[in-house]
Amino acid sequence: MRWSTRFSTVLAVVACAGGMVAINSAAQQPAQSARKPDTFDDVIRRNSDRMLEEGQRIFRYDTFGDEAFWGGALQLHRAIEGEKFGGVGPGVSPAMALAVGLKVDAEALPPDVLNAIRHGRVNLNDPAVTLALLDAKAVVGLTGHRDAGGGLRSVGIQCSLCHSTVDNSVAPGIGRRLDGWPNRDLNVGAIIALAPDLSVVADLLQTDQATVRKVLNSWGVGKFDAELFLDGKAFRPDGKSAATLLPAAFGLAGVNLHTYTGWGNVSHWNAFVANLEMHGKGTFVDVRLNDPLQFPVAARAGFANVRNTPDLITPKLPALQYYQLAIPAPDPPRGSFDPRAAAAGKAVFNGAARCATCHVPPLFTEPGWNMHTPAEIGIDDFQSSRSPDQHYRTTPLAGLSTRPKGGFYHDGRYADLRAVVEHYNEVLNLNLSEQAKKDLIEYLKSL
């Protein structure tokens, strides 16, 4: 008998003997009292754990049935797989995917693959590798479904496509997930423009596919136009794209209205995006979209009252919202600001600069109705006029370190925090000294 087998046998005998001792001992003891019944606090804790886990799964992996749009209508999967696998064109290699801002979740890949990537032993120019990454559910926010021939039969997207990134711990664009962080590297328009058939979008906007591609390619990196399917306004009066920066989805607990122009709370916007932007299969009601003057495209398409059976979205909204509200604003990187200057800047923020009047700590937005007219903040009304309330929301400031790319404000009009401070210094006649401005910027960087 081998030593390991003998060891296992001995272990089993000891365990059995121990079990007999325990049984005999238990027989000599009085009966234990019944287990204490659960309190409602126990119920709450279990529900909290369940919703957090479920919400994370939905945020990261649920397509809400939107494959019918991205795969069925737009045929985007055919451009991803390329001619070699039955699609069209050269296909999308990992190098190309990373170039347009798609991210790879390192924790979805086995260690040997990660090691091969680190040492350049994976061909990042081969579309077949992209398909393998999709098989592993490693492409953040994108799901691919294989066909019998080894290519793709469809593709779908998730919330995490735009509202997650990675920490680049393996390579640029490859690392651990950072949920809630806006992916300011993502070129959403360029990705959609790859789709072979944009006729469904062209029909909705009552234009042609060439015009649709022109609009999509005008958005640029880190931007998306959520209102295009509502009002058809592709460009601002000054000729610039009407797209806005992808917003953060962290630090929203306690915040009333969501989005740059305050369409509704987090749950409203989740339903809005899942149904009208991701084109999932659910239920969405917002009678404000029946206005044919403000929202001609939405009114014509019936977006004010969307119904699908089965509803693949509504049952998931509670857990999705719960997870999003649990995502905290991240701390700034070590060494990214001057602590002494930031301490002085906090006094400026709460005092002379009057920032805290609207950006009330620790929410850094107003508790309650966090909306302002364009005149109050000294900017034009183009984007606010595209929303029902026609105001701008006071954007929460925590986690500013994650979103300097693309600029600040809804459209990135201010290249850096210095430009933002100078804007308010002029609009509000603050007369801040040069030192006060510098200190204030350091405090903002510390949030």
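Helix α18 contributes the most to the lining of the largest pocket, giving 4 residues. This pocket belongs to a predicted model, and its volume is about 1,000 Å³. A total of 46 residues line the largest pocket, and those nearest its centre are His359, Thr395, Leu397, Tyr409 and Tyr424. Besides α18 (417-427), the elements that give two or more residues to this lining are α17 (374-377), β12 (392-393) and α19 (434-446). The general principle behind such a search is that rolling a probe the size of a water molecule over the atoms shows where empty space is left.

The pocket may now be placed within the chain as a whole. The chain contains 19 helices and 12 strands, and its C-alpha trace spans about 85 × 60 × 50 Å along the principal axes. Of its 447 residues, 49% count as buried. Among the contacts in the chain with a separation of 6 or more, 64% are made by residues 24 or more positions apart.

Helix α11, which covers residues 209-218, shows how burial is arranged within a single element. Its buried residues are Val212, Val215 and Leu216. Seen down the axis of α11, these buried residues fall within an arc of 100°, and therefore they line one face of the helix. An α-helix has 3.6 residues a turn, so residues three or four places apart point the same way. The face of α11 turned away from the buried side carries Ala210 and Lys214, which are exposed. The buried residues of α11 are covered by parts of the chain that include α9 (188-193), α10 (199-205) and α12 (228-231).

Both ends of this helix merit attention. At the N-terminal end of α11, Asp208 acts as a cap, with a side-chain oxygen 3.1 Å from the backbone nitrogen of Ala210. Ala210 is thus mentioned twice, since this residue also belongs to the exposed face of α11. After α11 comes Gly220, which has a positive phi near 85°.

A glycine with positive phi also appears in a hairpin earlier in the chain. Strands β2 and β3 form this hairpin with 5 residues between them, and Gly150 in the turn has a positive phi of about 95°. Strand β2 comprises residues 142-146 and strand β3 residues 152-157; the two run antiparallel and are joined by 5 bridges. One residue pair illustrates the pairing: Gly144 has Val155 in β3 as its bridge partner.

Notes. Residues numbered from 1 in each chain as written. Predicted model: local features only at pLDDT ≥ 70, side-chain atom pairs only at ≥ 80, totals over all residues. Heavy atoms only, no water. Pairing = 2+ DSSP bridges. Buried < 20%, exposed > 50% of the residue type's maximum accessible area, 1.4 Å probe, protein only. Arc of directions from axis to C-beta. Contact = heavy atoms within 4.5 Å. Polar contact = N/O pair within 3.5 Å; in protein donor to acceptor, adjacent residues only side chain to side chain. 1 Å grid on protein atoms, 1.4 Å probe; cavity = no way out; pocket = protein on both sides within 12 Å on 5 of 7 lines; lining within 4 Å. Points joined across faces, edges and corners; volume = space filled by probe spheres on them.
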